[in-house]
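Subject: Handover of a structure and summary of findings

Dear colleague,

Please find below the structure that I am passing on to you. The findings are set out after it, beginning with the strands and moving on to the helices.

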Amino acid sequence: MHELSCTWVPGTIDIVRLKVSGRTIELTSTRLARIFGQQALNDLYLKGRVTLKADPQQVALLA
């Protein structure tokens, strides 16, 4: 399992920045919800930052 730190990209309304294993990945909020489920996006809207646990298959989908 990997831990991902997710935050919004400043100045955008739908781009999320993920940090995993020293890498930074940016993707749309729609894609984040498809990979990790709607709950991940709900938590991000409420808190502005969320930590997700991802299996290797989910991490592979981010590339």
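In which sense do β1 and β2 pair, and over how many bridges? The pairing is antiparallel, and 4 bridges hold the record of it between β1 and β2. Please bear in mind throughout that this is a predicted model.

**The sheet**

Within the pairing of β1 and β2, Cys 6 has Leu 18 in β2 as its bridge partner, and Thr 7 stands opposite Arg 17 in β2. The two strands form a hairpin, with 6 residues lying between β1 and β2. In the turn of this hairpin, Gly 11 has a positive phi of about 85°.

On its way along the chain, β2 also pairs with β3 (residues 23-28): the two run antiparallel and are joined by 6 bridges. Lys 19 stands opposite Thr 24 in β3. A hairpin is formed here as well, with 2 residues between β2 and β3.

Ser 21 belongs to the loop between β2 and β3, and its phi is positive, near 50°, although the residue is not a glycine. As general background, most residues other than glycine have a negative phi. Is Ser 21 buried or exposed? With a relative accessibility of 63%, Ser 21 counts as exposed.

Taken together, the strands make an open sheet of 4 strands in the order β3-β2-β1-β4, with antiparallel pairing. The edges are occupied by β3 and β4, each of which has a single partner strand, so one side of each is left without a neighbour in the sheet. On average, neighbouring strands of this sheet are turned by 30° against each other, direction ignored.

The side chains of β2 deserve a separate word. In a regular strand, side chains alternate between the two faces of the sheet. Along β2, Val 16, Leu 18 and Val 20 point to one face and are buried. Ile 15, Arg 17 and Lys 19 point to the other face and are not buried.

**Helix α1**

α1 (29-36) packs on the sheet and touches β1, β2, β3 and β4. The direction of α1 makes about 105° with that of β3.

Which residues of α1 are buried? They are Ser 29, Leu 32, Ala 33, Ile 35 and Phe 36. Seen down the axis of α1, these buried residues fall within an arc of 165°, so they line one face of the helix. The elements that cover them include β1, β2, β3, α2, β4 and α3 (56-62).

Ser 29 lies in α1 and is buried, with a relative accessible area of 6%. Apart from neighbours within four places in sequence, the contacts of Ser 29 are Trp 8, Asp 14, Val 16, Leu 41 and Tyr 45. After α1 comes Gly 37, with a positive phi near 95°.

**Helix α2**

In helix α2 (residues 38-47), the buried residues are Ala 40, Leu 41 and Leu 44. These cover an arc of only 95° around the axis, which puts them on the same side of α2. Tyr 45, Leu 46 and Lys 47 are exposed on the other side of α2.

What covers the buried residues of α2? The covering elements include β1 (2-8), β2 (15-20), α1 (29-36) and β4 (49-54). With respect to the strands, α2 lies across β1, β2 and β4 and runs at about 155° to β4. Gly 48 follows α2 and has a positive phi, near 85°.

**How the two helices meet**

Two packed helices are described by the angle between their axes and the distance between the axes. For α1 and α2, the packing angle is about 130° and the axes are 6 Å apart. The two helices are therefore oblique to each other. By class, their contact has 7 nonpolar, 2 polar and no charged residues.

Which residues of α1 and α2 meet? From α1 come Ser 29, Leu 32, Ala 33 and Phe 36, and from α2 come Gln 38, Ala 40, Leu 41, Leu 44 and Tyr 45. Ser 29 is thus part of this contact, and two of the residues it touches, Leu 41 and Tyr 45, have been named above among its contacts.

With kind regards

Note on methods: Residues numbered from 1 in each chain as written. Predicted model: local features only at pLDDT ≥ 70, side-chain atom pairs only at ≥ 80, totals over all residues. Heavy atoms only, no water. Buried < 20%, exposed > 50% of the residue type's maximum accessible area, 1.4 Å probe, protein only. Arc of directions from axis to C-beta. Contact = heavy atoms within 4.5 Å. Axes fitted to C-alpha atoms, helices over the stretch in contact; angles between N-to-C directions. Parallel < 35°, antiparallel > 145°, perpendicular 65-115°, else oblique. Nonpolar A, V, L, I, M, F, W, Y, C, P; charged D, E, K, R; others polar. Pairing = 2+ DSSP bridges.
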